Amino acid sequence: MSNESAMDEQGFRRILNRNVGLPLGLGLVGALCFAVLIGYLLSVIRWVEHTDQVLNRASEIYKLTLDMETGMRGYLLSGEEDYLAPYEQARGKFRPQTEQLIDMVADNPPQVQRLERLLAMQDQWDLYAQEVIASRRSGGNFMAEVGRGRGKNLTDGMRRELDTFINSERELRQQRNANVSNTTLWGRVSTWWSASCSALCWRCSGVES
């Protein structure tokens, strides 16, 4: 009688492990994989949002270059001091905003280098602008300096750096959006796999029982 009881107890334990332990273990593995994927997905989403912030700031800086150039040209053509208002406002914002953008992309050395070159060219352009504005005010031959093309060359160089910077960030955003899509897909696969394995174990244990 005792042997039969021991066998019954062993059989019950095997059935219990098969019916409860195995599905529970598979469920825990699936939950762990899902949690890891969710953590990675949140990280990638944060990087996508960061890239959008970088692009927005770069667009603001691009607009500042247009405001400075437009304001200076307006003054040179008309001689009216009012045209210098957007130039002065943009001039005061350019360096602080560009330095903030450098901090935002500190993890990307090529992008930092592009912004540093942009600042160096902006400093040169600002000296040029101050020279032609002073010449215009004093009635000098400012058109001779404009005709040499120094300002245009600096402006074109600044635009090239900004265009390259923005295009690089857009490529990064595409890559990160693709990572979000892939991670979401793997999360669905992981959930389906965990649920399917658990259901299969329950079904098999029910048949064997």
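In which helix is the place of V132? In this predicted model, V132 lies in helix α3, and the description below begins with the overall architecture before returning to that residue and to the salt bridges that involve the helix.

The protein contains 5 helices and 0 strands, so that, with helices numbered from the N terminus, the order of elements reads α-α-α-α-α. Of its 209 residues, 36% count as buried, and the surface that the protein exposes amounts to about 13,000 Å², of which carbon and sulfur atoms supply 57%. Among contacts in the protein with a separation of 6 or more, 78% are accounted for by residues 24 or more positions apart.

Helix α3, which spans residues 109-137, has 29 residues and reaches 42 Å from its first C-alpha to its last, a value close to the 42 Å expected at 1.5 Å a residue. Just after α3, G139 takes a positive phi of about 80 degrees. Within the helix, V132 counts as buried because its relative accessibility is 1%, under the 20% that marks the limit for a buried residue. When neighbours within four places in sequence are left aside, V132 is in contact with M72, L76, F142, E145 and V146. The C-alpha atoms of V132 and G151 are 9.7 Å apart in space, the two residues being 19 residues apart in sequence.

A search of the whole structure finds 15 salt bridges, including three that join α3 to other helices. In one of these, the side chains of R91 and D126 meet with an N to O distance of 3.0 Å, and the pair links distant parts of the chain, since R91 belongs to helix α2 (residues 84-104) and D126 to helix α3, 35 residues apart. R91 is partly exposed, with a relative accessible area of 31%, whereas D126, at 14% relative accessibility, counts as buried.

The side chains of R117 and E161 also meet in a salt bridge, with an N to O distance of 3.0 Å. Here R117 in helix α3 is joined to E161 in helix α5 (residues 150-208), and the two residues, 44 residues apart, again connect distant parts of the chain. R117 counts as partly exposed at 38% relative accessibility, while E161 is buried, with a relative accessible area of 16%.

A further salt bridge is formed between R150 and E131, whose closest N and O atoms are 2.6 Å apart; R150 lies in helix α5 and E131 in helix α3, so the pair, 19 residues apart, likewise links distant parts of the chain. In this case R150 counts as partly exposed at 31% relative accessibility, and E131 is partly exposed as well, with a relative accessible area of 43%. Both residues take part in a network of salt bridges that links E131, E145, R148 and R150. E145, a member of that network, is also one of the residues in contact with V132, the buried valine of helix α3.

Conventions:
Residues are numbered from 1 along each chain as its sequence is written. This is a predicted model: local features need pLDDT of at least 70, side-chain atom pairs count only at pLDDT 80 or more; totals for chains, interfaces and linings use all residues. Side-chain values use heavy atoms; hydrogens and water are left out. Helices (H or I, at least four residues) and strands (E, at least two) are DSSP runs, numbered from the N terminus. Buried means under 20% relative accessible area, exposed over 50%, partly exposed in between (1.4 Å probe, protein chains only). Contact means heavy atoms within 4.5 Å. Accessible areas come from the Shrake-Rupley method with a 1.4 Å probe; for residues, only the protein chains shown count as cover. A salt bridge is a side-chain nitrogen of Lys or Arg within 4 Å of a carboxyl oxygen of Asp or Glu. The expected span of a helix is 1.5 Å times one less than its number of residues.
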